[in-house]
Amino acid sequence: MKVTIVSPKIYTYGPLILGGILKERGHTVTITRDLRSDGEATLLSLFSTSQLLDPEIRKFAKSCPQIYVGGPVGLVPEIVLGELEVDAVVMGEGEEVVARVVEKGPSAEIPGVAFHQEGKVVKTKPEPVEPLDHVMPLIPEDLKSQNVRGANVYIETHRGCLGGCTFCQVPRFFGRSIRSRSLENILDEVREMKRMGVSRVAVSGGTGSLFGYGKEVNKEAFITLLRSLAEILGPRNLSVPDMRVDFVDEEILEAVRRYTIGWVFFGIESGSEKMLKKMKKGTTPEKNLEAVELAHSCGVKVGGSFIVGYPGESEEDYQATLDFMDEAMLEDVFSSVAEPIPGTPLARLALDYPKGENLLYQDHLGDYRALKLSEAEARCFNLMLHGQNCKLIPKIVDDRMYSAFLEEARTQGRDVRRVMDLLEKYKDHVA
Ligand code: SF4
């Protein structure tokens, strides 16, 4: 069968694996970032709720005769089936499911699918894939020219996260126990990617150092992984961005410095202990600061991500975040308006939270009043500006940067309000 896999705008990793599986089963598979398909069946991979509202994606889905949606949006399939004209949704991990759906159509015999039948949504329980090793992914010719935050591609080394952060879909989609690929399976894939011209690879997923996790962090497995990948790619071409502060120590950070581009990204989220508790982050501002200082002392640069506008965030909590940034002197800062992703505890919390108290809907009356931002957007914008000021060597914010930050904060506010509207529409299914 002729199958087209569409991964809009960027090649994410899941579609490459599914492409490899379908190809091995004898299908003729094309993978593209454009919204086009000449396949008898189309797989559409979507990672964000906002994509469900994109008019181009909606039009494309409607135009395909046999189309199935997969990816993180599958966590709440009722929303996907309600918003897009598609034949079925793959709700969990797709490896064992996609070929059966493509070849025979969705049915209640296949685990982890949702589809309409006689006016109702039929859903079957997803099953986690174990073991995780898989066939060679389908590597598109132009993967080598993709640039996603400096990498051509993000690869997967393991699934699951021990954390239970309320805003995150990783533990809800992949579970809270860790399943790792074998080192050889990962290295074979990276060698093939290199042969196809891919030079810069990032390791994706919640916490890089959980690779090989058994009953505790398996430092040896993680360090061997980095060293082996660096031997293939060269250390300047490898990054392991995402780390939890409680799963790093000197040895791990030393390996990051030695075998990768030498950066880590910590999900710090807030400088307020109260907010970290509400987010079930499992860390404290003190632990976060210690981890940043440890990374710096090991010669590793640190990017930190922060969430603003989380339900219950007071001005004092927000000020604590700014104070944290002053102390931590991060090399880079990412600021996000809290997004209640359907299927996460935050989605239910945001729905139940009084709208009048939600910072997304409150006019900002402070220093940026003239910009007509919501309070959540103003905090997001201000945090981006502050991130430039509190670097070791502060960066001057020119007009271009100022406008880009402002646009980014406005876009985030608008997108999250749209997500809130969707949650309201599907409130019986969101969590
Ligand atoms: S935010 Fe990071 S640590 Fe928290 S659950 Fe998600 S992946 Fe795990």
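The shell around the ligand splits into 5 nonpolar, 2 polar and 2 charged residues. This is a predicted model, so everything below is read off computed coordinates. As for who is in that shell, the two charged members are Arg244 and Lys281, while the polar pair is Gly163 and Gly206. The nonpolar part is made up of Cys161, Cys165, Phe167, Cys168 and Pro171.

Turning to charge, a search of the whole structure comes up with 28 salt bridges. One pairs the side chains of Glu93 and Arg179, with an N to O distance of 2.7 Å. Glu93 sits in the loop between strand E5 (88-90) and helix H4 (98-104), and Arg179 belongs to strand E10 (residues 179-180), so this contact ties together parts that lie 86 residues apart in sequence. Side chains of opposite charge can pair up like this when their charged atoms come close.

Then there is a negative patch on the surface, built from Glu273, Glu286, Glu290, Glu293, Asp323, Asp326 and Glu327. Helix H10 (285-297) and helix H11 (315-328) each put in at least two residues of the patch. Asp323, for one, is part of helix H11.

The backbone has a couple of oddities worth a look. Most peptide bonds are trans, and most residues other than glycine have a negative phi. The bond from Glu130 to Pro131, however, is cis, with omega near -5 degrees. Pro131 falls in the loop between strand E7 (120-123) and strand E8 (153-155). Lys9 goes its own way in phi, which is positive at near 70 degrees. Lys9 is also a loop residue, placed between strand E1 (2-6) and helix H1 (13-24).

Definitions and conventions
Residues are numbered from 1 along each chain as its sequence is written. This is a predicted model: local features need pLDDT of at least 70, side-chain atom pairs count only at pLDDT 80 or more; totals for chains, interfaces and linings use all residues. Side-chain values use heavy atoms; hydrogens and water are left out. A residue is near a molecule or strand if one of its heavy atoms lies within 4 Å of it. Patches are made of residues with over 30% relative accessible area and no salt bridge: like charges are joined within 9 Å, nonpolar side chains (Val, Leu, Ile, Met, Phe, Trp, Tyr) within 5 Å. Accessible areas come from the Shrake-Rupley method with a 1.4 Å probe; for residues, only the protein chains shown count as cover. A salt bridge is a side-chain nitrogen of Lys or Arg within 4 Å of a carboxyl oxygen of Asp or Glu. Lys and Arg count as positive and Asp and Glu as negative; His and the chain ends are not counted. The place of a charge is taken as NZ of Lys, CZ of Arg, CG of Asp or CD of Glu. Helices (H or I, at least four residues) and strands (E, at least two) are DSSP runs, numbered from the N terminus.
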